[in-house]
Amino acid sequence: MKAPILTLIAALAASPALATGTHSGGHGEEAMDMMMDMKMMAYGKPGKADEVERTIDVTMRETDDGGMSYEPSAFSFKQGETIQFNITNKGELEHEFVIDTKEGNVKHKEAMAKMNMEHDDPNSVRLDPGKSGTVIWAFANAGTFEFACLIPGHYESGMHGPIEVAQAETKHSYTKGVVKKIKADSGKVTIIHEELVDLEMPAMTMVFRAEDDIMTQLSEGQEIEFVAERVNGKLTVTKLK
Ligand SMILES: [Cu+2]
């Protein structure tokens, strides 16, 4: 018996709103896309083959001491990286590789303990002994996630490891400008500036907000290099050089 972990997929696929002329049962791609959008998964999203930045070989096997393991046993990535995992089952038993949050894995593990579930999702692969498979995953968000085998007993035997996704550094580009006018009491400064690359704005004269620590460093007529960002929706000078 095979029951999908994500009954949501089935619900969506069966939804009349998604029924199309070509729909022939099974999980429509549209339904899958929609499910992915709806879930907005913290641990990322299915990656595209042409966006793979790194390929990592992973082996799964039982160990001589009665445990079960992955090699490597931990991963660290940068936010925004798309990784292709080439997974090989070098053991004697069936194993799987599932990417999720730690909580998500715990939940699925409990569900799998109750019934014989198999994963059929883009974030996982289940492999017979000797077989290889691929998971391509885009780690869109920073955080600590987990890869695991949720076949009953395997997690407890050691088949899980952390995936650390480091926050992407927001790169700020400095823009040249001349301070035209300062209204310190209202926290506003008018700057004649060159193109604001980060904000995709052309060279022009604009009013920016600035906190006191920035404001005290400014004077009218001064040539500056500055970083502008949207803070609470308002254009703000956040860095000065
Ligand atoms: Cu396993």
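## Helix α3

Helix α3 covers residues 102-114, which makes 13 residues. At 1.5 Å a residue, α3 should span 18 Å. Its end C-alpha atoms lie 19 Å apart, so the expected and computed spans agree. The model described here is predicted.

Which residues of α3 are buried? They are Gly104, Asn105, His108, Lys109 and Met112. Seen down the helix axis, the buried residues of α3 fall within an arc of 135°, so they line one face. An α-helix has 3.6 residues a turn, so residues three or four places apart point the same way. The face of α3 turned away from the buried side carries Glu103, Glu110 and Lys114, which are exposed. What lies over the buried residues of α3? The cover includes strands β6 (95-100), β9 (143-148) and β10 (160-166).

## The whole protein

The protein has 241 residues, and 28% of them count as buried. Its secondary structure comprises four helices and 15 strands. Take the contacts between residues at least 6 apart in sequence: 67% of these join residues at least 24 apart.

## Strands β6, β9 and β10

The three strands named in the cover of α3 also pair with one another in turn. β6 and β9 run antiparallel and are joined by three bridges. β9 and β10 are antiparallel too, with six bridges. Strands of a sheet pair through backbone hydrogen bonds, either parallel or antiparallel.

Two bridge positions can be followed across these strands. Isoleucine 99 has phenylalanine 147 of β9 as its bridge partner. Phenylalanine 147 in turn stands opposite glycine 161 in β10.

## The largest core

The largest nonpolar core has 28 residues. Which of them have the most contacts inside the core? They are Phe97, Ile99 and Cys149. The elements giving two or more residues to this core are β2 (54-62), β3 (68-71), β4 (75-78), β5 (82-89), β6, β8 (132-138), β9 and β10. In soluble globular proteins, nonpolar side chains tend to be buried together.

Isoleucine 99 gives a view of this region. Leaving out residues up to four places away in sequence, isoleucine 99 touches Tyr43, Asn123, Ser124, Val135, Trp137, Phe145, Phe147 and Ile163. A second core, separate from the largest one, has 10 residues. Val179, Val189, Ile191 and Phe208 are among them.

## The barrel

Five strands close into a barrel. Their order is β11-β12-β13-β15-β14, and the pairing is mixed. From one strand to the next, the twist averages 55°.

One pairing in the barrel joins β11 (residues 175-183) to β14 (residues 223-231). These two strands are antiparallel, with four bridges between them. Lysine 176 stands opposite glutamate 225 in β14.

## Valine 179

Valine 179 sits in strand β11. Is valine 179 buried or exposed? Valine 179 has 20 C-beta neighbours inside 10 Å, so it counts as buried. The cut-off for a buried residue is 20 or more.

Valine 179 is also a member of the second core. Leaving out residues up to four places away in sequence, valine 179 touches Val189, Ile191, Leu218, Ser219, Glu220, Gly221, Gln222 and Ile224. Two of these, Val189 and Ile191, are named in the second core as well. Valine 179 and glutamine 222 are 43 residues apart in sequence. In space, their C-alpha atoms are 5.4 Å apart.

Conventions. Residues numbered from 1 in each chain as written. Predicted model: local features only at pLDDT ≥ 70, side-chain atom pairs only at ≥ 80, totals over all residues. Buried ≥ 20, exposed ≤ 12 C-beta atoms within 10 Å, placed from the backbone. Contact = placed C-beta atoms within 7 Å. Expected span 1.5 Å × (residues − 1). Arc of directions from axis to C-beta. Core = buried A, V, L, I, M, F, W, Y, C linked by C-beta atoms within 7 Å. Pairing = 2+ DSSP bridges. Axes fitted to C-alpha atoms, helices over the stretch in contact; angles between N-to-C directions.
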